[in-house]
Amino acid sequence: MEGGGSKTWRFASPNPAVAAAGEKSIQRYLLQLHACLDERGPRPVIPLSHGDPSSSPSFRTAPEAEEAVVAAVRSGEYNGYSSPTVALPARRAVAEYLSRDLPYKLSHDDIFLTCGGTQAIETVMSVFGQPGVNILLPRPGYPKHEAHAVFHRMEIRHYDLLPGKGWEIDLEAVEALADQNTVAIMITNPNNPCGSVYTHGHLAKIADIASKLGILVISDEVYGHLVYGSTAFVPMGVFGETVPVITLGAISKRWAVPGWRLGWIATCDPKGILRKTKVVDSLRSFINLISDPATFLQGAIPHIMKNTNDDFFSNIVRLLKETAEICYDEIDEIKCITCPYKPEGSFFMMVKLDASQLPDISDDVDFCSKLVKEESVVVLPGKALGMENWLRITFATEPPTLKQGLERLKSFCRRHQSQAN
């Protein structure tokens, strides 16, 4: 028995749902790609694979945000655990911030603070997730939505986003997919990974269909207001009179501070349906089980939301418009990659890979693995998002760095296409 060789250990079967959820993670693919890097290579790595522009000087957050955090820390008032006294002004500030774009006012009771957008996703999926229910998720989509649904053993039913129609939702398919066990449809607007922004009319149709089906809408709006095309950002909560809406948000993208980990859940439900059905009670119960955002961030958020200069937001949007155009124009010069839609929001675009033009490339994962090995450029394979032989490219970086990365991408494609001749 020395060393435990013949002993049966009762913890030898960990929860299989954890492994199943982990299979949906973007990080799994990024780790595989980084394993292909030649760390001794002469060129710096250019990551065009993830939505974190905070290391780029042009995307540095607003000075008002930094000053608010410093003041909160130095005050000495936010070194303890969170409490209603600390959380109330923060929740009220978020309610006021979101209410600017709604035809009704939210109160602090409609707001639940979370440690970033990811914990907001975890919370909502925990409240609704149970065996026997299903949820409608987009394809392509954000993998953490699916991962947390899988962890709670929900059935995933995918509806397609249509690249030929500006990545709009296939609304007819949504109606066909739903049944008596469907609890919600999840949307992302502005969209990650497609860069699309839904019109008021399209969102109204989503609300009408969800109401007809008797399901709620969960709207991930972490990229809210980061729009730079012809379509304005309209929060799903505008349609709260038609259908109950749960909005997920965070300061991570608009303020370019994903490491600060402050997000929220907002119940946009002026008719009080979510209260009557005890959903609000369940959200509150789960929030009481998990960690609160750092207290100094809660202390800073009222000042961040009130004092951030509009010029900061305008400059970020202008920069994203510039880099989106650079990315779209450069991709247009690559024969084996096509972009069906010029991004109008968020940090991303989805492009179609024609692997048949590249004789030594088998699929999108193989493409990305060889690209990072040969060119030290990281892009995300579409397989990670439910779309094989597509690629997601992030353009939220310094324009010269983006141009350099795309030049390397073009060189890689030309080199591998030449092998077909």
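In the predicted model, strands β4 and β5 form a hairpin with five residues between them. Within the turn, G166 has a positive phi of about 65°. The two strands run antiparallel and are joined by two bridges, with β5 covering residues 168-169. In one of these contacts, L161 has I169 of β5 as its bridge partner. W167 is also found in the loop between β4 and β5. The phi of W167 is near 60°, a positive value in a residue other than glycine. W167 has a relative accessible area of 0% and is therefore buried.

Strand β4 (residues 155-162) also pairs with strand β3 (residues 134-139), here in the parallel sense and over six bridges. The chain passes from β3 to β4 through helix α6 (residues 143-151), and this β-α-β crossover is right-handed. Across the β3-β4 pairing, I135 stands opposite I156 of β4, and L136 stands opposite R157 of β4. In a regular strand the side chains alternate between the two faces of the sheet. The loop between β3 and α6 contains P140. A cis peptide bond joins R139 to P140, with omega about 0°.

These strands belong to an open sheet of eight strands with mixed pairing, in the order β2-β9-β8-β7-β6-β3-β4-β5. The edge strands are β2 (111-114) and β5, each of which pairs on one side only. A further cis peptide bond runs from N189 to P190, with omega near -10°. P190 is placed in the loop between β6 (182-188) and α8 (200-213).

Helix α4 was examined next. Its 16 residues should span 22 Å at 1.5 Å a residue, and the end C-alpha atoms of α4 are 21 Å apart, so the model agrees with the expected value. The buried residues of α4 are V86, A87, A90, A93, V94, A95, Y97, L98 and S99. These buried residues pack against β2, β9 and α11 (295-307). Strands β2 and β9 stand next to each other in the order of the sheet.

The aromatic side chains were then considered. A pair of aromatic rings is described by the distance of the centres and the angle of the planes. With ring centres within 6.5 Å taken as the criterion, the count comes to eleven aromatic pairs. One of them joins Y97 and W255: the ring centres are 5.8 Å apart and the planes meet at 55°, so the pair is tilted. An angle over 60 degrees would have counted as edge-to-face and one under 30 degrees as stacked. The pair links distant parts of the chain, since Y97 lies in helix α4 (residues 84-99) and W255 in the loop between β8 (245-250) and β9 (263-268), 158 residues apart. Both rings belong to buried residues, for which the limit is under 20% relative accessible area. Y97 has 7% relative accessibility and therefore counts as buried; W255, at 1%, also counts as buried.

Another aromatic pair is formed by F347 and F348, with 6.1 Å from centre to centre and 50° between the planes, and this pair is tilted. F347 and F348 are both buried.

Y97 and W255 are also part of a cluster in which ring pairs link Y97, W255, W264, F312 and F313. R254 meets two rings of this cluster. The charged end of R254 sits over the ring of W255, 6.0 Å from the ring centre. R254 also lies over the face of F313, at 3.7 Å from the centre of that ring.

The loop between β8 and β9 also holds R261. The phi of R261 is near 55°, a positive value in a residue other than glycine. At 34% relative accessibility, R261 counts as partly exposed, because the value falls between the limits of 20% and 50%.

Terms used
Residues numbered from 1 in each chain as written. Predicted model: local features only at pLDDT ≥ 70, side-chain atom pairs only at ≥ 80, totals over all residues. Heavy atoms only, no water. Pairing = 2+ DSSP bridges. Helix = DSSP H or I, 4+ residues; strand = E, 2+ residues; numbered from the N terminus. Right-handed = clockwise from strand over helix to strand, strands pointing away. Phe/Tyr/Trp six-rings, centres within 6.5 Å; stacked < 30°, edge-to-face > 60°. Buried < 20%, exposed > 50% of the residue type's maximum accessible area, 1.4 Å probe, protein only. Lys NZ or Arg CZ within 6 Å of the ring centre and 35° of its normal. Expected span 1.5 Å × (residues − 1). Contact = heavy atoms within 4.5 Å.
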